[in-house]
Amino acid sequence: MRIAALFPGQGSHSVGMGADLTAAFPEAAEVYTQVEHVLPGLRALIESGPLDDLTLTANQQPALVAASVAAYRAWRAQTGLTPAFAAGHSLGEYSALVAADALSLGDALRLTRRRGELMQAAVPVGAGAMSAVMGDPAVVQEVCAETDGVQPANFNAPTQTVISGTKEGVEAANAALKARGLKAIPLKVSAPFHCPLMDPAASGLAPDLQTTAFAPPAFPVYANVTAEANTDPTALPGLLTEQITGAVRWVETIQALAEAGADVFIEFGPGTVLTGLVRRILPDARTINVGTAAQVQDFTL
């Protein structure tokens, strides 16, 4: 048995996430104590909302790191198990690095708060857009290559690709994709993530990443932009900088994890988005969600 630990990105948040974990497990409670120390006020926002404030990118990113790491540490304490690999979807890559002891929780919280602020400020509201496209990813890539101002942002599942870019570029790509028989669904997002419009955010975060103390990971963490295992801490500042403008290669990541021997995929944190994607990529894969106290307490393999 080889476990792949998976960590979700934006959109999986909810008010009160992790509260039952902090009540049941001191390891989870310590995570939330550190959240309050590093980013005062965020714990109260996670626990009580309002949801609109929690949803703001600068709050949602560190909040999801906190909830995911709390679930992971409670699970580790309860089971004594250790993953063989880890991966996170976009923001979740930071949670994966914390789980692998390559990045401290405090640094992850500070970096994701800064990342969220920079990403929100990079593009004026309404200037960018994103769409989820259902259909052949090769067609999506072809249309994006032929359309100015848009590129694939997330290869989420074999027939689900998210595109991102300027409002005009995404609208033009949507029309072209529909003309090719694909379904394009505009997304309600605060900014066009994982595209060149995020260059200001990437250049803004790069100095913070370069001065962060990364350690060798306890197990390989698969990088979004390469879909490959990484155990070199010196590569992390570059990988995490490139991730802001590069596509999340999730399909390739899950396939690579399976090829490396992963046979159980556990999603740590709120929501079930990643286990759903894993089942679409690997229909026979064994998936488990660990995001509540009951799921930790009742965990079996």
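This passage describes the sheets, a helix pair, the pockets and two backbone features of a predicted model. Residues are numbered from 1 along each chain as its sequence is written, and side-chain values use heavy atoms, with hydrogens and water left out. Because the model is predicted, local features need pLDDT of at least 70 and side-chain atom pairs count only at pLDDT 80 or more, whereas totals for chains, interfaces and linings use all residues.

Helices (H or I, at least four residues) and strands (E, at least two) are taken as DSSP runs and numbered from the N terminus, and two strands are said to pair if DSSP finds at least two bridges between them. Strands of a sheet pair through backbone hydrogen bonds, either parallel or antiparallel. An open sheet of six strands, with mixed pairing, follows the order E8-E7-E2-E1-E9-E10. Its edge strands are E8 (229-230) and E10 (286-290), each of which pairs on one side only. Within this sheet, strand E1 (residues 3-7) and strand E9 (residues 264-268) are paired in the parallel sense over four bridges, and Ile3 stands opposite Val264 in E9. Helix H6 (residues 92-99) lies across E1, strand E2 (85-88) and strand E7 (221-222), and runs at about 155 degrees to E2; contact here means heavy atoms within 4.5 Å, while axes are lines fitted to C-alpha atoms, for helices over the stretch in contact, and angles run from 0 to 180 degrees between N-to-C directions.

An open sheet of four strands has antiparallel pairing and the order E4-E5-E3-E6. Strands E4 and E6 (183-186) stand at the edges with a single partner strand each, so one side of each is left without a neighbour in the sheet. On average, and with direction ignored, neighbouring strands of this sheet are turned by 25 degrees against each other. Strands E4 and E5 run antiparallel and are joined by six bridges, and Asn154 stands opposite Val162 in E5. Helix H9 lies across E3, E4, E5 and E6, running at about 140 degrees to E5.

Helix H12 (residues 250-259) and helix H13 pack at an angle of about 75 degrees, their axes being 10 Å apart. That makes H12 roughly perpendicular to H13, a term that covers angles of 65 to 115 degrees, with those under 35 counted as roughly parallel, those over 145 as roughly antiparallel and the rest as oblique. In this contact, Trp250, Val251, Ile254 and Gln255 of H12 meet Leu274, Leu277, Val278 and Ile281 of H13. The residues involved divide into seven nonpolar, one polar and no charged, where Ala, Val, Leu, Ile, Met, Phe, Trp, Tyr, Cys and Pro count as nonpolar, Asp, Glu, Lys and Arg as charged, and the others, Gly among them, as polar.

A pocket is an open set of points on a 1 Å grid over the protein atoms alone, where a 1.4 Å probe fits and protein lies on both sides within 12 Å along at least five of seven lines; lining residues have an atom within 4 Å of a point. The largest pocket has a volume, meaning the space filled by probe spheres set on the points, of about 690 Å³. Its lining comprises 32 residues, of which Gly9, Gln10, Gly11, Val189 and Phe193 lie nearest the centre. By class, this lining holds 12 nonpolar, 17 polar and three charged residues. Among the elements that each supply at least two residues to it are helix H5 (57-79), strand E4 (150-157) and helix H13 (273-281). The second largest pocket holds about 230 Å³ of space and is lined by 19 residues, with Gly128, Ala129, Met130, Lys167 and Leu187 nearest its centre. Strand E3 (128-134) and helix H9 (167-179) give two or more residues to that lining.

Two backbone features lie in loops. A cis peptide bond, with omega of about 10 degrees, joins Gly49 and Pro50.
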